[in-house]
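Subject: Structure handover

Hi,

Here is the structure I promised to pass on. Please open it alongside this note. My findings follow below.

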Amino acid sequence: MSQLERAHLAIVRAVDQQGSMTAAAEQLHLTQSALSHAVRKLEAQLGVAIWTREGRRLRPTQAGAYLLAVANRLLPQLAHAEERLRQFAQGERGTLRIGIECHPCYQWLLKVVSPYLAAWPDVDVDVKQEFQFGGIGALFGHEIDLLVTPDPLYETGLRFEPVLDYEQVLVVGAGHPLRRSPFVRPEQLARETLITYPVAIDRLDIYTRFLLPAGIRPKRHKPIETTDIMLQMVASGRGVAALPRWLVEEHASKLELSMVRLGERGMAKQIFVGIREREADTDYLRAFVELARAHRDRAGSPT
C-alpha cells in the first residue's frame, strides 16, 4: 500500500507553481532526473496519473488537482507546526502573522501594531496583504494567525471580534455640488465617476448596499490602488469616492475634501479581527485582540 510523504506534496506544489519539471527541480534543489524519477515512482505507487502535458507546461489531472489541494492545505500547517515547536524549544513566543482583507484595514492596523510591538517586544509581526478576500481559507489553513476583515464568516472553529465601528461616507472635492448636502441619494451618483479600490463590485458596499438596490450605476467606475492617490483625484474634481470617515479625516488637513452621508441614515460599518478558536487563549494573540478592541471607539461611531 502506497504512503504519501511530505516530499510528494512538496513536489506536487512545486511543479504546479513552476509549471515545469526543470523549474520545480531548481526550486527543490534537486536534479531534473531525480525529480522525474520521484514523479514516476509516485504515480506508480498511487496507480494514477497526476499530470498531463500541454506543450511545455504540465497540467494536473483530476487526481493531481485533488492532491495539489491537499498539499496547499497541509504544507503550510506542517511548516507552521515546525516553526512553533522550534520556538517552544528555544523559549520564543514567535511571530504573529496577520492577514488583511481590505485596503482601509491596513490603515487601521498601523495604529494598533505600534503599541502592540512596544508591549510585546519578544513577538514579531508579519502582515500579509495578498489575501484579497481569501483570508478565511488562510486562517483555516494556518497560513496566518489573525485576520483583519470587514466581512466575518462565522464558521465553526473561528472567532471574530468587532474592533472598530465607523461610518462609510461619500467623499467629494471642495467645489462639488454635493459638498453641502446633508446626505446623498443613489440617483445623484448616476452621473458621477466613482473611484474605488480595485475590488470586485460585489465586494464593494457602495454598490451592494447603496447603488445596486436602487438600480443605479455610476457613469464611470475607476479603480485606484492607493488611498492617497484616490483622495487626490477626488480633491482635483476627477470623481467621488466612498471611504471610512476616520480615514478621510486623517487627510482632511492636507486636501480640500468634504464628506457627505450615504443615505439619510448613513452607512454603518465595522472591522473585525478573526482568530482560530482553539488559540483564543494564547497570550500574545489575546493581547492583540484586547488592544485592538481598546482602540474601537477612537474613530467614533456613526452619528
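Start at Gly-237, which follows helix H8 and has a positive phi, near 80°. Please keep in mind that this is a predicted model.

Now step back into H8 itself, residues 227-235. Which of its residues are buried? They are Thr-227, Met-230, Leu-231, Met-233 and Val-234. These residues cover an arc of only 155° around the axis, so they sit on the same side of H8.

**The chain overall**

The protein chain has 303 residues, and 44% of them count as buried. It holds 10 helices and 12 strands. Its C-alpha atoms fill a box of roughly 75 × 50 × 35 Å along the principal axes. About 16100 Å² of the protein chain is exposed, and carbon and sulfur atoms supply 49% of that area. Take the contacts with a separation of 6 or more: 73% of them join residues 24 or more positions apart.

**The cores**

In soluble globular proteins, nonpolar side chains tend to be buried together. Here, the largest nonpolar core has 60 residues. Which members touch the most others? Trp-108, Leu-146, Val-148 and Ile-206 do. Strand E6, residues 158-173, gives this core its largest share, seven residues. Another core lies apart from it and has 19 residues. Leu-9, Ile-11, Met-21 and Val-39 are among them.

Leu-146 deserves a look on your screen. Setting aside residues up to four places away in sequence, it touches Leu-96, Arg-97, Ile-98 and Gly-99, among others. Its partners also include Leu-139, Val-273, Gly-274 and Ile-275. Leu-285, Phe-288 and Val-289 are on the list too.

**Two buried strand residues**

Pro-244 is in strand E10, residues 240-244. Is Pro-244 buried or exposed? Its relative accessible area is 1%, so it counts as buried. Beyond residues up to four places away in sequence, Pro-244 touches Pro-104, Tyr-166, Glu-167 and Gln-168. Gly-175 is another matter: its C-alpha atom is 21 Å from that of Pro-244, with the two positions 69 residues apart along the chain.

Ser-258 is in strand E11, residues 257-262. Its relative accessible area is 17%. The cut-off for buried is under 20%, so Ser-258 is buried. Apart from neighbours within four places in sequence, Ser-258 is in contact with Leu-170, Val-171, Val-172 and Arg-179.

**A nonpolar patch on the surface**

Leu-4, Leu-46 and Val-48 make a nonpolar surface patch of about 220 Å². Leu-4 is in the segment before helix H1 (6-18). Its relative accessibility is 46%, so Leu-4 counts as partly exposed. Val-48 is in the loop between helix H3 (32-46) and strand E1 (51-54). Val-48 is partly exposed as well, at 35% relative accessibility.

What does Val-48 contact, leaving aside its neighbours within four places in sequence? Glu-43 and Ala-63. The C-alpha atoms of Val-48 and Gly-64 are separated by 8.8 Å, and these residues are 16 apart along the chain.

Best wishes

Key:
Residues are numbered from 1 along each chain as its sequence is written. This is a predicted model: local features need pLDDT of at least 70, side-chain atom pairs count only at pLDDT 80 or more; totals for chains, interfaces and linings use all residues. Side-chain values use heavy atoms; hydrogens and water are left out. Patches are made of residues with over 30% relative accessible area and no salt bridge: like charges are joined within 9 Å, nonpolar side chains (Val, Leu, Ile, Met, Phe, Trp, Tyr) within 5 Å. Accessible areas come from the Shrake-Rupley method with a 1.4 Å probe; for residues, only the protein chains shown count as cover. A salt bridge is a side-chain nitrogen of Lys or Arg within 4 Å of a carboxyl oxygen of Asp or Glu. Helices (H or I, at least four residues) and strands (E, at least two) are DSSP runs, numbered from the N terminus. Buried means under 20% relative accessible area, exposed over 50%, partly exposed in between (1.4 Å probe, protein chains only). Contact means heavy atoms within 4.5 Å. The arc is that of the directions from the helix axis to the C-beta atoms. A nonpolar core is a set of buried Ala, Val, Leu, Ile, Met, Phe, Trp, Tyr and Cys residues joined through side-chain atoms within 4.5 Å.
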